[in-house]
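Biologist: I should like to learn how to read salt bridges and buried residues in a protein model. Please take me through them step by step.

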Amino acid sequence: QVQPVESGGGLVQAGGSLRLSCAASGRTFSNYAMGWFRQAPGKEREFVGTIRRSGGTTAYAPSVKGRFTISRDNAKNTVYLQMTGLKPEDTAVYYCAAGSYSALPRDYPYWGQGTQVTVSS
């Protein structure tokens, strides 16, 4: 029903900012909460944040709260992850996913391919 595609990853210095986009095809985009997850080499996939269908409610992992902001534009079928104050430990492949308002990967049936974010010190 929905196919997310991430973009906007790249290399940034510590303390810098980056905005990721996730465009999702399908007419049912607004029916899904959207989540952001990340996975670093040798680690399990980690919850970053999620946003409700309406865009009015968000939740974040403690490690990114205050630095990352999720927003969505349902008219454009797009969700964003604005990252500021980036740290080397933020380096990971970032994934967006469509599903339920949850911190658990298993609650998201539809996943993008991921985009690499590398933060240099």
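Biologist: Is Arg-38 buried, partly exposed or exposed?

Modeller: A residue is called buried under 20% relative accessible area, exposed over 50%, and partly exposed in between, using a 1.4 Å probe and protein chains only. Arg-38 has 6% relative accessibility, so Arg-38 counts as buried. Please note that this is a predicted model, in which local features need pLDDT of at least 70 and side-chain atom pairs count only at pLDDT 80 or more, while totals for chains, interfaces and linings use all residues. Residues are numbered from 1 along each chain as its sequence is written, and side-chain values use heavy atoms, with hydrogens and water left out.

Biologist: Which residue forms a salt bridge with Arg-38?

Modeller: A salt bridge is a side-chain nitrogen of Lys or Arg within 4 Å of a carboxyl oxygen of Asp or Glu. Asp-90 is one such partner of Arg-38, with 2.9 Å between the closest N and O atoms. Arg-38 belongs to strand E4 (residues 33-39) and Asp-90 to the loop between strand E8 (78-83) and E9, so the pair ties together parts 52 residues apart in sequence. Strands (E, at least two residues) and helices (H or I, at least four) are DSSP runs numbered from the N terminus. Another salt bridge joins the side chains of Arg-38 and Glu-46, at 2.9 Å from N to O. Glu-46 counts as partly exposed because its relative accessibility is 31%.

Biologist: Which residue meets Asp-90 in a salt bridge of 2.8 Å, N to O?

Modeller: That residue is Arg-67. Arg-67 lies in the loop between strand E6 (58-60) and strand E7 (68-73), 23 residues from Asp-90. Both Arg-67 and Asp-90 are buried. Arg-38, Glu-46, Arg-67 and Asp-90 are thus linked in a network of salt bridges. The whole structure has four salt bridges.

Biologist: How does one read a polar contact, and which side chain does Thr-50 join in this way?

Modeller: A polar contact is a pair of N or O atoms within 3.5 Å; within protein, one must be able to donate a hydrogen and the other to accept it, and residues adjacent in sequence count only if both atoms are side-chain atoms. The side chain of Thr-50 joins that of Tyr-108 at 2.8 Å. Thr-50 lies in strand E5 (residues 46-51) and counts as buried, at 2% relative accessibility.
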